[in-house]
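Trainee: I should like a close look at a single part of this model, namely the place where the two chains meet. Please take me through that interface and the charged pairs around it.

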Amino acid sequence: MEKPIYRPVLKMCKISYLKAAWSLKTRALTEMVYVDEIDMDEEGIAEMILDENAIAQVARPGTSLKLPGTSQGGGPSPAVRPVTQSGRPITGFVRPSTQGGRPSTMEQAMKTPRTALTARPITSASGRYIRLGTASMITNPDGPFINLSRLNLSKYAQKPKLAKALFEYIFHHENDVKNALDLAALATEHAQFKDWWWKVQIGKCYYRLGLYREAEKQYKSALKQQDMVDTILYLAKVYLRLDQPLTALNLFKQGLDRFPGEVTLICGIARIYEEMNNISSAADYYKDVLKQDNTHVEAIACIGSNHFYSDQPEIALRFYRRLLQMGVYNCQLFNNLGLCCFYAQQYDMTLSSFERALFLAENEEETADVWYNLGHVAVGIGDLNLAYQCFKLTLVNNNNYAEAYNNLAVLEMRKGRVEQARVLLQTASSLAPHLYEPHYNFAILSEKVGDLQRSFTAAQKSEEAFPGHVDTKQLIKQLKQHFTML
Amino acid sequence: MPKKKRKKEAPELPILESKNWLIYLLYVHRDYEECKAVIKEQLQESHGLCEYAVYVQALIFRLEGKIQESLELFQTCSILNPRSADNLKQVARSLFLLGKHKAAIEVYSEAAKLDEKDWEISHNLGVCYMHLKHFNKAQDQLNNALELNRHDLTYMMLGKIHLLEGEVDKAIEVYKKAVEFSPENTDLLTTLGLLYLQRGDYQKAFEHLGNALTYDPTNYKATLAAGSMMQVHGDHDVALSKYRVVASAAPESPPLWNNIGMCFFGKKKYVAAISCLKRANYLAPFDWKILYNLGLVHLTMQQYASAFHFLSAAISLQPKMGELYMLLAVALTNLEDMENAKRSYEQAVALDKCNPLVNLNYAILLYNQGDKQGALCQYQEMEKKVSMVKESSALDFDPEMVEVAQKMGAALQVGESLVWTKPSKESKSKQRAPAGKASSTQQPLGSNQALGQAMSSAAGYGKTLQLPPGAGAAAKPPSLPLEPEPGPDTSPEVPAEAEEQSKSREAGD
């Protein structure tokens, strides 16, 4: 008989605790999958091609992120520094939002390797958000914690404390932007449009939905209310998406007046300059970052790779060793250390670094990178057989490694096997049409054999990939002479 | 009815070649778009029977690099007019551009039957034979072409064949005639200058290269060759200013950076030299000359580990060179690996025929090891070479080398050699350094860059320079054991036609 009495009491207890525990659990669930929205910037194929947000279609050089060939000089040429896609040099630090050029047509986008343009395999639209949501549901065996369709959002919007936690849950955990936006709209109304936080959240929702101008409006109004670094970063993201790098730069510089020495802002400026291929300004700003925060991994890595490709491997080595001191311990770092050691003539540490890199490699692509670089070391010591084996191993690990195909072809050519070299070069140029080396080598090879038509086509592709290449220009001139002569 | 028909037909008969003048005019004005439109119109009117329209269309295709299409159209032309040597010539030309040299020869022979007095046919036959490596036939055809009509290109090809067969003197004769015939052709002037350079005839080489530079001040090849000649004579500043002219035009040229590096080396700016050479090496990892120079500079900087590294890399790319082994041995000596140093010296002595330094250095090593007998042997070997070289040419030996050799002679208590006039009376205790020095001398044509050779364009034959041994052996002050100080060395290169491009790549992190 006692039981019936207990029950109601217990229930009342539960109800009174409910909001605190409920809010706590939402927060815990959100934090499990939380990724900072600022760094979440992925463009799928659809956003890259079908989306036309940029106002200027043919922007002046130096004012757009979409024209890779807008370098104002100062940076190393493709003959020295490898490029990702047509003219964008590879960066020292890969972020989720890193983009290496854009495909110009849908067909081209489907044909290129999936990781060629962004840091992750690209999807048709930004599908990652959806996948994050589904992934989190699998971890929860009892099904979803909150059934969104049954929530009365207007009720929650009345209670700001609950609403904020719930919004973050809906936005980050469930990735249900539409419901999140509904809740945010109700909440900001309830707060009489005086809470900048809600404005920023609405802006985030708009941004996700692709409504960049609306998002810009919300962010601007939030900035008027309250200066926040976050808001500046969000607004800059909008401008970058609209392809207005100069506006974003201005915004960052204004932000720096209000928050002098803010690392994320300086770093943002540096990233924009890097995207615009203005490497020297980017390096200056990365150095400013290091003055504020001398453990900034991105800045160290970028300056390091910059020094490496401008004939200063010793200095690059110091930067990478700094990373090592800070406790970074991964395949790429040791790979870079090995390269720097070799080119800086620190022969005692070269091979052990590469060994460690091989040991730490997490997937086959990384292993392939290490073998590829080992091949370069082998070429450097003149052991061409070893180099041959290394490049072969690169291909075993990663069958789409265009650089390795090219280098193998060069080695085959040295042995005099023209046919093999030709096939390898063809593979390389079909895998990576943005590299000028396979095209150029193929042109030379065909010219040598006397097949001037193929030589000409290949030389033209080479010129397209690297317009400033002197030898290509000479070759084309020579071929044209052949064609005009009677 | 038949009457009526005939009446109608007569005025309708289209004039096949009515617009040839317009097509020609547009083609010559390079207004290809307009020209194509007129051709299309003309072909429609004549149902494809207008020979000239097809012909010009084929020429335009060829200009655009579509050789296959142009070949088909020229074949149509020769079907329309089988008696024309011109059409056959164009068919053969297209075949040649496609790399089908045998077929091209056949068609050219056909054309030759129709027109026997055409220099172009002979010239092109010669070029085809050259591609097929029938040099004798090629020479005949080219000489034939010269008799019919003298032409720069024919001279060029003939000279090239002589070079391919290794007959430098004949090639020089051919180029001389060519320069007389057309004295303003910079290509001919440059090539002739380079050939003189290769033979060591500096006066004439300078003359011709200078002429080439007068006509074309930014000529890359001529500038590089002229710069390297100045370097040989020690005018490093002048050479550098020459290089500056071309550096902006060809910022990624390995031979250029190599030569700039050696200029700095000559001016004793070693760090600058190393960074220039390393840039060159980064751009052309298979070029043994750059590696050789890097090894040399590092020996001078007394960084023996690096020197060994670069020299051994150079050896694996160019295994047939005595001086490389000698320098390697010097590096090994300083790395305290006497066994391998000896072996390396033996290899060097076996490979080298005319550089006395090799033997001198070996003698010093043996002497320092206490092997007086062997040292004496090498010393005599060196004397033989010295007297031989003295007879053949009037080269001056580096005074430092002579000095060390004299000390060595005294130490070995050899009778004063016939070679050097004044014996020095140095005491035995004076040990001299291995004279580490050399200069890159004769490489066979084309060994310049093995790959460059493999991939070099048809127009380029491997060009390398022969330089006189600018050898300097350095003696160190007494009591300092074993310190090599290589003297200045330059091994400038003339441009190679092709370099492979391979890059190092950092993994993105």
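Mentor: What follows treats the interface of the two chains and then some salt bridges.

The model is predicted, and a word on confidence comes before the details. Chain A has a mean pLDDT of 82, and 79% of its residues reach 70 or more. Residues 1-13 of chain A have a pLDDT below 50 and, beyond near neighbours in sequence, make zero contacts in the model. Residues 125-138 of chain A are likewise below 50 in pLDDT, yet this stretch has 21 contacts beyond near neighbours in sequence. Where pLDDT is low, the predicted coordinates should not be read in detail.

At the interface, 57 residues of chain B are in contact with 69 residues of chain A. Together the two chains bury about 5500 Å², of which 54% is on carbon and sulfur atoms. Ten residue pairs are in polar contact across the interface, with both residues at pLDDT 80 or more. On the side of chain B that touches chain A, the elements giving two or more residues are α4 (51-63), α5 (67-80), α6 (85-97), α17 (270-283), α19 (304-317) and α25 (450-455) of chain B. The largest share, seven residues, comes from α19(B). By class, this side of chain B has 25 nonpolar, 17 polar and 15 charged residues.

The count of salt bridges between chain B and chain A is one. B:R279 pairs there with A:D311, and the closest N and O atoms are 2.5 Å apart. Over all chains, the count comes to 21 salt bridges.

Helix α6 of chain B, one of the elements at the interface, also holds a salt bridge between B:D86 and B:K89, at 3.8 Å from N to O. These two residues are separated by about one helical turn because they lie three residues apart in that helix. B:D86 counts as partly exposed because its relative accessible area is 41%, whereas B:K89, at 12%, is buried.

A second pair in chain B joins B:K113 to B:E110, with the closest N and O atoms 3.6 Å apart. Both residues lie in helix α7 (residues 101-114) of chain B, three residues apart, about one turn of the helix. B:K113 is exposed at 62% relative accessibility, and B:E110 is partly exposed at 43%. Salt bridges that share partners also join B:D86, B:K89, B:D118 and B:E120 into one network.

Note on methods: Residues numbered from 1 in each chain as written. Chains lettered and ligands numbered in written order. Predicted model: local features only at pLDDT ≥ 70, side-chain atom pairs only at ≥ 80, totals over all residues. Heavy atoms only, no water. pLDDT = per-residue confidence, 0-100. Contact = heavy atoms within 4.5 Å. Buried area = accessible area lost by both parts, 1.4 Å probe. Salt bridge = Lys/Arg side-chain N within 4 Å of Asp/Glu carboxyl O. Polar contact = N/O pair within 3.5 Å; in protein donor to acceptor, adjacent residues only side chain to side chain. Helix = DSSP H or I, 4+ residues; strand = E, 2+ residues; numbered from the N terminus. Nonpolar A, V, L, I, M, F, W, Y, C, P; charged D, E, K, R; others polar. Buried < 20%, exposed > 50% of the residue type's maximum accessible area, 1.4 Å probe, protein only.
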